[in-house]
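Here are some short exercises on how chains meet, each with a worked solution. Have the sequence and the model open as you go.

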Amino acid sequence: MIEIRDLAKSFTLHNQGAAVLPVMANANLHVRPGECVGLIGASGAGKSTLMRMVWGNYLAASGMIRVGTLDVAQAAPRQIIQLRRKTLGYVSQFLRVVPRVPTIEVVAEPLLNLGVPADQARDRAASLLTRLNIPERLWNLSPTTFSGGEQQRVNIARGFAYPYPALLLDEPTASLDAVNGAVVLDLIAEAKARGAAILGIFHDEAARAQVCDRVVDVRDFTPKVAA
Amino acid sequence: MGMLNLNLTAETDQPLLSVQGLTKRYGARIGCADVSFDLFPGEVLGIVGESGSGKSTLLSCLAGHMPPDQGSVIFQTAQGPRDTVTMAEADRRRMARTDWAFVHQNPRDGLRMGVSAGGNVGERLMAIGARHYGDIRDKAIDWLGRVEIAADRIDDRPRAFSGGMQQRLQIARNLVTGPRLVFMDEPTGGLDVSVQARLLDLLRGLVRDMGLSAIIVTHDLAVVRLLADRLMVMKSGHVVEQGLTDQVLDDPQHAYTQLLVSSVLQV
Amino acid sequence: MTDQAYNFAYLDEQTKRMIRRAILKGIAVPGYQVPFASREMPMPYGWGTGGVQVTAACLTPEDTLKVIDQGADDTTNAVSIRKFFQRTAGVAVTEATAEASIIQTRHRIPEATLTEGQILVYQVPIPEPLRFLEPRETETRKMHELEEYGLMHVKLYEDIARHGTIATAYAYPVKVEGRYVMDPSPIPKFDNPKLSNSAAIQLFGAGREQRIYALPPYTHVVSLDFDDHPFVPSKAPHDCDLCAASDSYLDEVITDDQGGRMFVCSDTDFCRTRREAGHLGPLGVPMQETV
């Protein structure tokens with residue numbers, strides 16, 4: 001479902017003497033449907049960079065990133081937009097929403113964007129928020145005022161609202177307590193069971209051991225010639 | 001996480017608007033040069049750049065407010081693709097009040113300040129032949145509601161409204177005829193931050209529910225982050241970079257875009 | 001200076017030719033405002049300088065002229081203009097509508113039906129019906145060109161929204177032959193139906209604004225309205241107190257400071273003609289006694 005081949009990435013800092021920073025080379029990995037692959041490596045080794053290249057907000061220098069039938073590295077913006085609507089989900093570490101929008105709407109939005117009737121979308125959002133222990137009295141408030149852990153759970157609910165065939169999870173259990181962490185791991189297990197291909201970053205080793213079928217060390221993708 | 005306001009119509013392969021080689025000069029000075037892009041149904045395109053970068057000139061040329069020196073702006077009309085640059089003025093103006101909409105930065109430029117809120121909303125309906133007062137009024141009330149203006153303000157003039165309400169009224173006035181393409185020039189400029197947020201939310205909902213395509217000119221990167229699917233960065237009249245909004249903002253390739261993104265506190 | 005020092009009807013022949021060209025163009029394009037080089041006239045703007053120039057350009061020595069102001073032949077404005085043409089053109093004048101070949105009017109259409117061969121000249125203060133909502137002349141001309149008349153209905157909408165009914169009582173906008181929206185000059189909307197399908201030529205002159213427009217005979221003229229608020233040519237709900245006419249436009253006349261008032265025909269010729277024929281209202285006196 002997700003296949004990365006010979007992927008390379010560098011940053012050119014035009015405003016700092018046009019310094020070129022090669023950050024990744026020869027990256028190769030794949031994730032099959034129903035499989036969860038964890039990325040490991042020290043902080044700054046390129047785990048998030050790799051995730052963002054799959055998501056499409058970082059450009060690849062060369063190589064291939066196939067998600068479903070689309071090569072994200074070559075795709076036009078609107079193809080990536082289509083991919084993100086129906087195929088590829090992403091739970092990032094940060095919640096970025098329009099202030100003032102109620103939590104329930106934030107969670108339902110991916111469904112609304114797909115044309116799901118509003119009441120159905122809200123029902124689905126409500127059931128996820130309930131599972132993730134967000135009290136109902138908060139649903140009509142904007143999540144921008146929530147604690148870090150609450151925001152993270154809203155973000156997860158939003159990411160799991162639609163059954164994407166492929167999912168990117170960036171530290172989904174960080175800053176969660178044991179109870180909620182377990183709920184998230186359940187959600188991941190359910191997604192795997194329905195055949196989703198998942199690429200994730202999990203700092204929590206226990207969590208990683210529980211859901212990941214394999215791990216890939218991104219240090220193997222560090223360019224050989226240091227900049 | 002970037003948010004996408006795509007409607008199902010986005011799957012068509014036919015661009016709603018296809019711009020090729022659009023150029024406008026002011027004597028020897030360049031307004032905008034050789035701008036080309038396609039806009040697909042349901043897509044929101046952001047155009048960013050600093051003052052004088054040519055983004056407003058480009059918007060004026062696109063919307064037919066100013067004739068470009070070169071290039072074409074091909075719009076998918078009900079009768080098929082037509083170049084709006086060469087089209088007869090009568091047709092272009094008819095299109096401007098049916099299929100198109102234009103939201104000005106300053107509501108005073110887009111509203112009739114001496115006419116009631118209901119009259120402002122009803123004008124486009126009457127312009128396309130509505131002749132039933134009761135129906136016009138019902139539609140105006142419906143649209144005031146959609147932009148969160150109480151129905152009992154229908155007979156008040158816009159000058160009695162706050163800046164945010166005026167801007168929402170301008171949006172209602174523009175969208176009442178169900179346009180397919182909306183041009184917006186700094187729609188949230190000049191508004192308080194909290195009012196901006198409310199307006200952004202409203203715009204996102206309308207874009208989604210009506211399947212609108214939109215071209216938004218702004219210098220506010222936070223606005224495009226939340227509203228635009230795609231981004232075009234302009235400098236000195238030229239498009240220096242374009243792509244997916246979060247890609248351009250998170251991994252800018254051009255020196256100017258990098259400067260622009262790094263100059264903002266947090267987007 | 002003797003009256004003979006003036007050319008016939010005051011204006012020089014070149015000016016009259018220029019005005020006639022504008023009139024012909026106006027007749028060719030009914031309802032369209034034709035610009036013309038309005039001259040200084042020996043009277044202030046607002047006193048009918050446009051109408052006077054149009055009348056001067058139409059007059060021939062054989063014509064019989066009638067001048068009315070708000071329907072009356074004997075008010076200052078009417079008397080002054082009538083005298084002006086008596087002195088400068090030496091034409092015959094009359095107060096009888098049927099006898100006149102040219103009638104210059106300020107803000108009324110005579111009650112008697114006009115006939116072929118007659119010319120009705122209106123004095124127009126503001127020829128542009130769209131001006132109150134769109135002050136830019138460049139834009140209103142564009143709107144006329146492209147038939148963008150939605151704004152005219154916005155004005156009527158505002159009327160209903162504010163007053164519950166179309167409160168515009170005079171200068172009520174009309175559409176000419178399905179094309180141009182036209183200001184009929186500040187005639188009461190009671191007169192609007194008479195604009196349509198008239199046998200006479202109707203000419204409109206705006207001196208300060210330098211515009212002439214026209215309705216050729218038998219032109220279709222429709223008053224703008226809404227389906228659910230149709231046009232109503234209203235008048236005071238009363239009969240004429242002098243001649244008992246029930247179908248003429250009435251002026252309200254205050255007769256004392258105790259609230260006493262009477263309603264009389266605004267068209268003085270019409271009222272006199274009826275009284276001469278024996279019609280008598282509650283406050284009227286038989287004609288022979290007043291003569």
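**Exercise 1.** How many salt bridges are there between chain A and chain B?

*Solution.* Before counting, note that this is a predicted model, where local features need pLDDT of at least 70 and side-chain atom pairs count only at pLDDT 80 or more, while totals for chains, interfaces and linings use all residues. Residues are numbered from 1 along each chain as its sequence is written, chains are lettered from A and ligands numbered from 1 in the order in which they are written, and side-chain values use heavy atoms, with hydrogens and water left out.

Step 1: apply the rule, which asks for a side-chain nitrogen of Lys or Arg within 4 Å of a carboxyl oxygen of Asp or Glu. Step 2: count the hits, and you get 6 salt bridges between chain A and chain B. Step 3: look at one of them, where the side chains of B:Arg204 and A:Glu109 meet at 2.3 Å, N to O.

**Exercise 2.** Describe the side of chain A that touches chain B.

*Solution.* Step 1: find the residues in contact (heavy atoms within 4.5 Å); chain A gives 33 residues and chain B gives 37. Step 2: take the buried area (the accessible area, with a 1.4 Å probe, that two parts lose on being put together, summed over both). For chains A and B it is about 3300 Å², with 53% from carbon and sulfur atoms. A:Arg78, A:Arg96 and A:Arg100 supply 23% of what chain A buries against chain B, more than any other three residues.

Step 3: count polar contacts (pairs of N or O atoms within 3.5 Å; within protein, one must be able to donate a hydrogen and the other to accept it, and residues adjacent in sequence count only if both atoms are side-chain atoms). Between chain A and chain B, 11 residue pairs qualify, both at pLDDT 80 or more. Step 4: name the elements, using DSSP runs numbered from the N terminus (helices are H or I, at least four residues; strands are E, at least two). On chain A, β1 (2-13), α2 (77-86) and α3 (103-113) each give two or more residues, and α2(A) has the largest share with 8 residues.

**Exercise 3.** Which residues of chain B lose the most area to chain C?

*Solution.* Step 1: size up the interface, which takes 22 residues from chain B and 21 residues from chain C and buries about 1900 Å², 55% of it from carbon and sulfur atoms. Step 2: rank the chain B side; B:Arg93, B:Arg131 and B:Tyr133 come out on top, together 37% of what that side buries. Step 3: check the charges. The rule finds 5 salt bridges between chain B and chain C, one of which joins B:Glu89 and C:Lys142 at 2.7 Å, N to O. Step 4: add the polar contacts, 14 residue pairs between chain B and chain C, both at pLDDT 80 or more. Helices α2 (89-96), α4 (117-127) and α5 (133-146) of chain B each give two or more residues to this side, and α4(B) has the largest share, 5 residues.

**Exercise 4.** Which pair of chains that touch has the most contacts?

*Solution.* Step 1: list the pairs; 2 pairs of chains touch, and the most contacts are between chains A and B. Step 2: check the remaining combination. Chain A and chain C do not touch, with their nearest C-alpha atoms 34 Å apart.
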